[in-house]
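Please open the model in your viewer, switch to a cartoon representation, and keep the selection panel at hand for the stops that follow.

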Amino acid sequence: MREPSSQIVEQWLELQLLFKAHPPNLVLGYHDFPGGRGAKPTPELLAGFLDMTLEQASYMREEHTSVLQGLPDYPQKVFAGRGITMIGGGRYSEFLATTLGMIRLIGSRLPVEVWMKDRSEEKAAWCDDLLTQGAVCRFISDYIADMSVFTNYYQLKVPVLLFSTFAEVLYLDSDSVPVVNPDAVFDAPLYIATGAVLWPDFWPSSESPYTPFITGRDSVKATAVPGFQTVEAGQMLWNKEKHWKGLCLSAYYNYFGPDYFYTLFTQGGHGWGDKDIFPTALRALGANWTLVAHHPQAQKYNDGTGTGHGVEIVTGTGAAMMQADPAHGEEFRSLFLHSVAVKLSPRRMLCTECFEDASALSAQERLEGKRVVFKGSIVDKGSTIHPPMRDGKRVFATKVEDELNDMGKLDTEKDIWRVMERVACVGAFNEEEICNRTRTHLEKTFGEVTRWYGGSEGRCR
């Protein structure tokens, strides 16, 4: 895996100059969607949310047009190959360690880049451990001197996609776990045809009627609801050569996201943040791209009743969401388990009282020597998954389809715990007490102690 050339760093500086020359003329900030975040979008609700005049929208339309005209071409001979990129740092590194373990368990041979904001977020010895798993650490601060523009963690997706050494990227959130080998997704006909695959979220778009006007999709303000789904950007498949300008335009939206574009694109609806900048950029450019046809399926909590705890799928609540494999046409076949509510980390699930890793604290908190304590789900009575964790039962209400694994039967939840044994017992995150509790949970819940990663002698290392 190569280091990016100075060419891409210079292009970022040029993009910054372009963005700063065309800033939004309003600060929209965050506001709750009228009628509540779950309210069904109507033309009246969408039109009455933002205090924006046609004159202000027309000004921003001209600024957006100037940005479109200034977007750079794809830099040749900078990127190569296919690979997976993920973002770690702080508590996200614990989730990522589990996801990476599953990536390797299910047979993926793709190289992996693990990105962090800067070296203060690196867990001691973790980068060395990652090398043994076919992954490499990278730091955004090596390519961007001024990180102050990234005020939210999810804003890091765009620079990670830009700076990744791969020409074709499968981006995964740290808690988006493949349940079958994802390598073949790069050969899916829909991806080959379009070069960009995004996955839908539970909710319909609540974008401002001014969005198509400002971004150049239409010459007038919209009068009807958008009629399309929001996306769920916990996983994205992106060919940078085909969609470089789309990525750069996403960077513009992301640069001014918290103050302007996030609210323009969602109006405080579900998923306020970076996730809808990607399809909005592709639409603005008239690009050909794929939205996976299958809506996500909710994976509910195990409440002991056999039906699971949670509300109906339309609300999007539950332990996790299953996203479909785009290679399977009309049939829903699970590819990713995005663990949006249950965080798959041994410490988050099994600690009785743990200190937050220093890399998860602010610079000021580290300077003050502050220690932050949290309790895992096994003892935290306020945790939704406390009952099954306490009783040694499965967390998820149903098994992921076990016929999906090409190598044989796959019990995803059990194998996640086998991977978490490795996380707890070997490498940078090993803690003897957590290691032993992980093995106890494996035996109590799944009827076996595999010591799959821990070694036949059964000792934590």
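Begin with the open sheet of 7 strands in this predicted model, whose strands follow the order E3-E2-E1-E4-E7-E6-E8 and whose pairing is mixed. Select residues 135-139 for strand E3 and 290-291 for strand E8, and you have the two edges of this sheet, where each strand has a single partner and one side of each is therefore left without a neighbour in the sheet.

Moving inward from E3, select residues 112-116, strand E2, together with residues 82-87, strand E1; these two strands run parallel and are joined by 4 bridges. To see how they are aligned, show Thr85 and then Glu113 in E2, which stands opposite Thr85.

Next, select residues 277-284, which form helix H11, along with strand E6 (196-204) and strand E7 (229-239): the helix lies across both strands, and its direction makes an angle of about 75 degrees with E7.

Now turn to another sheet, an open one of 4 strands in the order E5-E11-E10-E9, with antiparallel pairing. Its edges can be picked out by selecting 176-178, strand E5, and 297-299, strand E9, each of which pairs on one side only. Looking across this sheet, you will find a twist that averages 30 degrees from one strand to the next.

Which residue of E11 stands opposite Ala324? Select strand E10 (residues 320-324) and strand E11 (residues 334-338), which pair in the antiparallel sense over 4 bridges, and then show Ala324, which faces Ser334 in E11.

Definitions and conventions:
Residues numbered from 1 in each chain as written. Predicted model: local features only at pLDDT ≥ 70, side-chain atom pairs only at ≥ 80, totals over all residues. Heavy atoms only, no water. Pairing = 2+ DSSP bridges. Axes fitted to C-alpha atoms, helices over the stretch in contact; angles between N-to-C directions. Contact = heavy atoms within 4.5 Å.
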